[in-house]
Amino acid sequence: MAETTSRTLGEHHYALTSTWTGNTGTGTTGYRDYRRDVTIEVAGKPDLLASSDKPFRGDPSRWNPEDLLLASLSECHLLSYLHACVTAGVVVVSYRDQATGMMREDGGGGGAFVEVTLRPEVVVAEASMIDAAERAHAQANQWCFIANSMNFPVHHQATVSALA
């Protein structure tokens, strides 16, 4: 008789505080009368200075929600991929992603992301690991909590090479 293992599925809760810091003294008396500055705080982590994107009157030196969404997808795939490689016996020595995303405005004041493309450039320890390293991207995609939460396609255009 085969032994089965039960894996407890859990809920994971996250909390942060977003504080608007863009009141220039008159609050939101007009669309141009306030800054879009926000401070995002998570206990035990450095504060993240955020704003809206520049086309929406934001501060381009700060993180915006679109940057953060793209960063979440890229990092989640990276971390899921490293795990998939470990389970496949692949030694990753370098990973860099040149991710892009496209958001489309709807003309009514809203909009949505319509796609994201991740472009991981992976280097593995040995050429014999390349095939398994390429396959690990599919596993990483299945494991990525963030990609699984999206309602738009997350494409992968990965390249894998080995140390010389």
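How exposed is Tyr34, going by its relative accessible area? The value is 22%, so Tyr34 counts as partly exposed. Keep in mind, as we walk through, that what you're looking at is a predicted model. Tyr34 is a handy place to start, so let's look around it.

If you hunt for aromatic rings that pair up, you'll find three aromatic pairs. One of them brings Trp20 and Tyr34 together in an edge-to-face arrangement, with 6.1 Å from centre to centre and 85 degrees between the planes. Trp20 belongs to strand S1, residues 17-20, while Tyr34 is in the loop between S1 and strand S2 (38-41), so this pair ties together parts that are 14 residues apart in sequence. If you're wondering what those two numbers are for, a pair of aromatic rings is described by the distance of the centres and the angle of the planes. Trp20, like its partner, is partly exposed, with a relative accessibility of 39%.

Tyr34 has another visitor. Look for Arg36: its charged end sits over the ring of Tyr34, 3.8 Å from the ring centre. The charged end of Arg36 also sits over the ring of Tyr31, and there the distance to the centre is 4.5 Å.

Now move along to strand S2, where you'll find Thr39. Its relative accessible area is 13%, so Thr39 is buried. What does Thr39 touch, once you skip residues up to four places away in sequence? Its contacts are Thr17, Ser18, Thr19 and Thr21, along with Asp47, Leu48 and Leu49.

Next, the cysteines. The structure has one disulfide, formed by Cys76 and Cys144, whose sulfur atoms are 2.5 Å apart. It links distant parts of the chain: Cys76 is in helix H1 (residues 65-88), and Cys144 is in the loop between helix H2 (130-143) and strand S8 (154-156), 68 residues apart. A disulfide is a covalent bond between the sulfur atoms of two cysteines. Both Cys76 and Cys144 are buried.

Why does Cys85 have no bond to Cys144? The closest cysteine sulfur to that of Cys85 is the one in Cys144, but it is 14 Å away, so the gap is too far for a bond. Cys85 is buried as well, with a relative accessibility of 1%.

Helices H1 and H2 lead us to a sheet. This one is open, has three strands in the order S4-S7-S9, and shows mixed pairing. Strands S4 (92-97) and S9 (159-162) stand at the edges with a single partner strand each, so one side of each has no neighbour in the sheet. On average, neighbouring strands here are turned by 15 degrees against each other, ignoring direction. Strand S7 (residues 120-124) runs parallel to S9, and four bridges join the two. To spot this pairing on your screen, find Glu121, which stands opposite Thr159 in S9.

The helices then pack against these strands. H1 touches S4, S7 and S9, and its direction makes about 160 degrees with that of S4. H2 also lies across S4, S7 and S9, running at about 155 degrees to S9.

Our last stop is strand S6, residues 111-118, which is where Thr117 is found. Is Thr117 buried or exposed? With 8% relative accessibility, Thr117 counts as buried. Leaving out residues up to four places away in sequence, Thr117 touches Gln98, Ala99, Thr100, His155 and Gln157. For a sense of scale, try Gly25: its C-alpha atom is 41 Å from that of Thr117, and the two residues are 92 apart along the chain.

S6 pairs with strand S5 (residues 100-105) in the antiparallel sense, over six bridges. In this pairing, Met103 stands opposite Phe113 in S6. S5 and S6 make a hairpin with five residues between the strands, and Gly107 takes a positive phi near 85 degrees there. S6 also runs parallel to S8, joined to it by three bridges. You can find that pairing where Val116 stands opposite Val154 in S8.

Technical notes:
Residues numbered from 1 in each chain as written. Predicted model: local features only at pLDDT ≥ 70, side-chain atom pairs only at ≥ 80, totals over all residues. Heavy atoms only, no water. Phe/Tyr/Trp six-rings, centres within 6.5 Å; stacked < 30°, edge-to-face > 60°. Buried < 20%, exposed > 50% of the residue type's maximum accessible area, 1.4 Å probe, protein only. Lys NZ or Arg CZ within 6 Å of the ring centre and 35° of its normal. Contact = heavy atoms within 4.5 Å. Disulfide = S-S within 2.5 Å. Pairing = 2+ DSSP bridges. Axes fitted to C-alpha atoms, helices over the stretch in contact; angles between N-to-C directions.
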